[in-house]
Protein chains: 2
Amino acid sequence: MAAKIRQKSDAPDASDRVSRIREGVTAAILEHRLLPGTKLGEDEIGEIYGASRTLVRTALQQLAHEGIVNIEKNRGAFVARPTPGDAREVFEARRLIEPTIVDRACEAVSAAWLDRLGQHLTEEREAELRGDARASVRLSGEFHKLVAEMSGHSIYLGFLKELIARSSLIILLYRRHDTPACGTDHHAEIVTAIRKRDKQAARAQMLSHLNEIEAELFLKDPAADDTRLADVLGA
Amino acid sequence: MAAKIRQKSDAPDASDRVSRIREGVTAAILEHRLLPGTKLGEDEIGEIYGASRTLVRTALQQLAHEGIVNIEKNRGAFVARPTPGDAREVFEARRLIEPTIVDRACEAVSAAWLDRLGQHLTEEREAELRGDARASVRLSGEFHKLVAEMSGHSIYLGFLKELIARSSLIILLYRRHDTPACGTDHHAEIVTAIRKRDKQAARAQMLSHLNEIEAELFLKDPAADDTRLADVLGA
DNA sequence: TGTGCTCGGATTGTATAAAGTTTCGCCTGT
DNA sequence: ACAGGCGAAACTTTATACAATCCGAGCACA
């Protein structure tokens with residue numbers, strides 16, 4: 001009988017039921033199946049996953065901490081609706097953190113990692129070819145998470161996961177065109193730079209990639225909350 | 001009767017009982033009254049705050065997400081014990097984020113903010129003069145949080161709160177001398193740079209301040225976990 | 001006809017009870 | 001005397017019951 005090794009309590013894929021709920025809801029939000037503002041009733045989710053409200057609440061609280069769910073007292077949990085201000089903050093943070101992440105990734109390059117990156121690019125291309133928008137959105141985010149994992153920096157990885165999840169909501173809310181969420185081409189260029197261990201190029205590619213994503217957004221400023229009513233209904 | 005304005009659900013000082021517990025425990029950890037590894041029993045805390053275990057559990061889960069508490073399955077919650085590797089990650093992240101934060105703070109400078117900063121420096125000096133180590137430690141961290149608030153960037157603020165809390169544990173565990181956690185002089189120099197809106201100087205001061213803190217640490221690498229036992233007990 | 005109020009249904013917040021797991025002490029066997 | 005195993009106590013985990021709150025339909029009234 002194999003001795004039971006103590007596993008880290010916060011293992012990413014802890015197979016407990018709370019994690020299953022959290023990951024299920026997260027995936028639904030990241031794939032744009034759950035839209036901002038959607039009510040996430042405790043009973044409803046509990047029935048879907050065959051769990052009691054206790055576990056559902058735990059999962060929802062974790063998601064609230066990650067910023068993709070809002071919990072309003074006595075009203076329940078809702079898929080977050082980031083404001084344009086939130087969006088600018090998220091992308092500013094990403095522009096700060098991700099160049100550093102790819103920088104570190106260049107140092108961690110290995111055959112195994114290059115394999116995983118290449119495989120991921122293939123998956124992205126396939127999803128895009130068959131027009132699977134949901135998979136495309138999910139994989140776009142996962143590319144950035146993959147690079148963060150590669151950096152071997154668990155704090156950056158944690159921060160980035162949060163930023164990616166919120167970015168997904170932001171893109172859904174504010175994207176102007178129906179262009180793909182993250183150009184696969186950009187990702188390929190970033191991988192090329194990483195393969196060459198060219199930190200300078202990697203940082204530059206990542207930065208321009210992020211700028212391009214943000215440039216596709218239409219972040220209208222709700223100048224004053226009071227005037228909106230007249231604005232919207234005055235037509 | 002004043003109309004009830006909808007308050008943000010995650011108001012920092014939400015006067016609900018969960019927040020009181022969370023802030024109480026956080027303060028105890030940040031002031032080094034609770035040492036790393038200390039068991040945080042649910043009953044125990046619940047009795048102190050007159051709350052049921054349900055609420056205590058919620059608070060502990062939030063603290064776990066912030067990285068200052070570890071929850072081990074079926075064993076309970078413990079004050080986190082960051083490894084030297086964790087420590088390096090935390091300070092690397094701080095060196096990345098905090099220069100950007102002071103940069104933004106320089107743009108937000110105003111009489112009101114300068115007042116708050118000055119007042120804070122006074123408090124720090126007073127605590128240090130009367131040898132109140134606990135208050136010193138707490139205020140040192142709060143200075144950095146204050147600058148982050150000043151930056152007006154809620155994401156950076158959230159990230160930094162996490163990093164500060166963990167830094168406090170790290171300093172407790174790994175500090176070599178009994179030098180003050182954060183030199184008040186450094187803080188004063190940073191404030192001076194902010195007052196002059198000198199971004200360059202502010203970033204430089206902040207960076208050297210962080211470097212100095214980390215330099216005071218003794219981050220021994222536990223080369224192999226197995227050898228530690230022999231090391232420690234071999235004397 | 002439109003406004004404001006009240007009551008009922010539904011949902012969340014909290015507490016408590018049942019179930020499962022770990023840990024530590026004690027005891028037995030060698 | 002000491003290693004190993006059994007068992008009870010303590011704790012965490014999960015489920016459920018109760019209390020508090022919110023939202024909306026329907027009604028009374030101006």
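In this predicted model, chain A is superposed on chain B by a rotation of 180° with 0.0 Å of shift along its axis, and the RMSD of that superposition is 0.0 Å. This is the relation of a two-fold axis. The same surface serves both copies, since 100% of the contact residues of chain A recur in chain B.

The contact between the chains takes 19 residues from chain A and 20 residues from chain B. On the side of chain A that touches chain B, two or more residues come from each of helix H3 (53–66), strand S2 (69–72), helix H4 (84–107) and helix H7 (154–174) of chain A. Of these elements, H4(A) gives the most to that side, with five residues.

The model also has a surface near DNA strand C, where 15 residues surround the strand, and the closest are A:Glu42, A:Gly76, B:Ser52, B:Thr54 and B:Asn74. Helix H2 (42–49) of chain A and helix H3 (53–66) of chain B each supply at least two residues of this surface, and H3(B) provides the largest share, which is three residues.

The table sets out the residue classes of the two surfaces.

| Surface | Nonpolar | Polar | Charged |
|---|---|---|---|
| Side of chain A that touches chain B | seven residues | nine residues | three residues |
| Surface near DNA strand C | two residues | six residues | seven residues |

Read by class, the side of chain A that touches chain B holds nine polar residues beside seven nonpolar and three charged ones, while the surface near DNA strand C holds seven charged residues beside six polar and two nonpolar ones.

Conventions
Residues are numbered from 1 along each chain as its sequence is written. Chains are lettered from A and ligands numbered from 1 in the order in which they are written. This is a predicted model: local features need pLDDT of at least 70, side-chain atom pairs count only at pLDDT 80 or more; totals for chains, interfaces and linings use all residues. A residue is near a molecule or strand if its C-beta atom, placed from the backbone, lies within 6 Å of it. Helices (H or I, at least four residues) and strands (E, at least two) are DSSP runs, numbered from the N terminus. Ala, Val, Leu, Ile, Met, Phe, Trp, Tyr, Cys and Pro count as nonpolar, Asp, Glu, Lys and Arg as charged, and the others, Gly among them, as polar. Copies are superposed by least squares on the C-alpha atoms of residues with pLDDT of at least 70 in both. Two residues are in contact if their C-beta atoms, placed from the backbone, lie within 7 Å.
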